[in-house]
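Hi there,

Here is the structure I promised to pass on. Have a look through it, and then read on for my notes.

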Amino acid sequence: MFLKGIIKSGEYFDSITLMLATKSLTEIKGVLEAAVIMGTKENKEILKASKMLLPELESAKDTDLLIVVKTDNEKNINKILKKAEKLLEESKHKKEENIDEYCPKSIEGAVKQIPGVNLAIISVAGKYAGDEAMKALKNGLHVMLFSDNVPIKKEIELKKYAREKELLMMGPDCGTAIINGAPLCFANVVNKGDIGIVAASGTGLQEVSCIISKEGGGISQAIGTGGRDVKKNVGGIMFIEGIKALAEDKETKVIVLVSKPPHKEVLKKIAVIIEKINKPIVTILLGGDSEAIKNAGGIPAKTLEEAALIAVSISKGKNIDDFKKILKENEKEIENLAKEEVKKIKKGQKYIRGLFSGGTLCDESQLLFKEAISDVYSNTPINPDFKLKDVWKSYKHTIIDLGEDEFTVGRPHPMIDFSLRNKRILEEVKDPEVAVILLDLVLGYGSNKNPDKELLPIIKRAHKILEKEERYLPIICSVTGTDKDPQNKKKIEKILKKVGVIIMKSNAAASKLSSNIIKIIGEE
Amino acid sequence: MAIKDLFEKELKIINIGLFSFKESLEEANFKVFQVNWEPPAGGDEEVLDALKKLLNS
């Protein structure tokens with residue numbers, strides 16, 4: 001085993017560029033491990049833990065670039081380091097070609113140079129992000145703060161200031177929003193329309209907005225708040241401000257609220273505001289108290305799909321119960337499909353393995369499974385008694401969120417980098433007790449541009465393993481996206497169907513099919 | 001500018017951080033200006049803390 005690293009002083013690159021360079025290096029034959037990272041204290045700790053922090057790298061600063069590779073062959077190591085430098089050089093050139101003639105170095109400079117600028121997207125490292133967001137707010141800009149690891153105290157300070165100045169403060173850890181039709185960060189290309197969304201959950205917003213669009217409805221605005229907004233400390237500041245803004249917005253006829261269960265005090269505030277607003281408000285609070293919403297005059301939904309269908313019914317002036325007909329037909333189809341699948345599954349296959357890249361989709365799936373079976377283990381369990389002891393290994397019924405911190409340190413999010421989930425799919429396929437593999441696939445800007453190329457070889461390898469062992473294993477997947485997304489949902493679904501993946505209309509439908517299969521097996 | 005007023009205006013966006021967010025928005029035909037951001041004080045936390053104290057005093 002050979003280890004070599006270099007420091008490039010004063011070379012600053014953003015985290016996605018670095019992670020993609022790391023990924024390219026690890027794909028080279030002979031490379032055991034690689035890291036292309038900035039020399040921050042946290043990154044040096046990661047290197048130290050992987051025994052890759054060479055003594056000459058210890059003095060590196062935040063603005064120094066570190067390239068470290070571990071190989072099985074000394075001959076190629078210099079070539080590989082050169083390749084990393086070349087990759088970064090290319091990305092720098094690409095950036096320079098696309099950059100404007102004048103490129104401000106600060107938010108203050110940008111506001112002075114660009115008349116009428118009104119929104120800042122901030123995605124720098126968490127320890128700097130809060131200060132940059134405050135600078136943007138103080139310069140009168142609305143903010144979308146993508147970065148995570150911003151202290152909660154700072155979040156509260158930012159949101160209180162924004163509320164006082166009547167500005168949007170979306171995030172920290174806000175992955176997606178659609179403002180005036182602009183898909184910000186990880187968002188999909190959806191129809192314009194009269195349905196407004198406030199969401200404290202990124203993939204929840206994506207799933208709801210995509211289903212609305214598919215069903216012929218459209219989005220006026222989709223405001224993200226970041227997941228912590230509805231917790232006790234932040235008190236729902238931006239969630240409430242978002243609802244108020246949509247209530248006043250002339251283009252918005254129906255409002256949809258998407259969140260994991262809010263803190264009970266925040267829920268009270270949401271109920272109070274629902275009571276005051278004269279527009280229909282549909283809520284999907286994934287396991288939250290639906291009675292409080294109903295009593296306030298809101299319309300609680302059970303799944304993200306249901307929330308989207310109700311909103312479209314109202315938007316189109318149809319009977320609000322119309323969606324029930326669609327869902328009932330779907331449920332019947334799902335039950336029949338489950339029966340057919342069970343016939344092909346061998347005795348002894350009994351467990352679900354759900355491998356998710358979207359956190360809210362993982363939660364929704366667990367909630368739907370809870371109706372059929374009680375013991376589903378997870379790294380983010382609904383019931384804390386079912387916390388996985390080792391997140392790297394599934395146990396009995398397991399549904400995991402691969403977008404959680406334990407899986408993403410030093411690696412891009414699983415919506416971008418499929419390698420970790422692909423490896424896990426093969427592990428699950430090899431387990432003879434597994435009866436269903438359940439996946440999500442999230443398309444849109446920011447996500448992997450060629451998900452079919454990432455998934456296809458793995459599905460084919462999975463089938464080879466299963467053929468050899470004379471076993472059938474359904475792989476069920478729902479695709480969150482639209483046909484107008486850069487990846488094209490229709491095209492991706494067609495490709496996956498061709499290799500035998502069972503494609504369902506929504507995450508709720510995919511989860512219901514999976515839970516039906518497990519339930520029938522359990523009853524046999 | 002109040003939030004509801006933003007909804008009626010043309011968006012003019014600045015992007016601080018991941019360059020791919022600018023590229024995606026431009027692909028969707030929105031104009032975005034990149035801020036050529038680098039960690040303040042060269043990423044030296046001690047210098048940064050000292051600067052913050054000076055600015056706040």
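Below is what I found, beginning with confidence and then moving through the contact between the chains and a few helices.

First, please keep in mind that this is a predicted model. The model scores ipTM 0.85 and pTM 0.87. For chain B the mean pLDDT is 81, with 70% of its residues at 70 or more. Confidence varies along that chain: among its elements, β1(B) has the highest mean pLDDT, 95, while helix α3 of chain B (residues 45-56) has the lowest, 62.

Next, the two chains. Where they meet, 34 residues of chain B are in contact with 46 residues of chain A. On the chain B side, the elements that give two or more residues are α1 (3-6), β1, α2 (19-27) and β2 (32-35). The largest share comes from α2(B), with six residues. By type, the chain B side divides into 20 nonpolar, eight polar and six charged residues.

Helix α5 of chain A (residues 126-138) is a good one to look at on screen. Its 13 residues reach 19 Å from the first C-alpha to the last, close to the 18 Å expected. Its buried residues are A:K127, A:Y128, A:A129, A:G130, A:E132, A:A133, A:A136 and A:L137. What do these buried residues of α5(A) pack against? Within chain A, they pack against α4 (107-113), β4 (119-122), β5 (142-145), α6 (152-164) and β6 (169-170), and they also pack against β1 (13-16) of chain B. After α5(A) comes A:G140, which has a positive phi, near 80°.

Further along chain A, helix α16 (residues 451-468) and helix α17 (residues 489-498) have axes that come within 10 Å and cross at roughly 10°. Because of that angle, α16(A) counts as roughly parallel to α17(A). From α16(A), the contact uses A:P451, A:D452, A:L455 and A:L456, and from α17(A) it uses A:I492, A:I495 and A:L496. These residues divide into six nonpolar, no polar and one charged.

Finally, there is helix α18 of chain A (residues 507-523). Is α18(A) largely enclosed by the rest of the structure or largely exposed? Of its 17 residues, 13 are buried, so α18(A) is largely enclosed by the rest of the structure. Its end C-alpha atoms are 24 Å apart, which agrees with the 24 Å that 17 residues should span at 1.5 Å a residue.

Happy browsing, and best wishes!

Technical notes
Residues numbered from 1 in each chain as written. Chains lettered and ligands numbered in written order. Predicted model: local features only at pLDDT ≥ 70, side-chain atom pairs only at ≥ 80, totals over all residues. Helix = DSSP H or I, 4+ residues; strand = E, 2+ residues; numbered from the N terminus. Expected span 1.5 Å × (residues − 1). Buried ≥ 20, exposed ≤ 12 C-beta atoms within 10 Å, placed from the backbone. Contact = placed C-beta atoms within 7 Å. Axes fitted to C-alpha atoms, helices over the stretch in contact; angles between N-to-C directions. Parallel < 35°, antiparallel > 145°, perpendicular 65-115°, else oblique. Nonpolar A, V, L, I, M, F, W, Y, C, P; charged D, E, K, R; others polar. pLDDT = per-residue confidence, 0-100.
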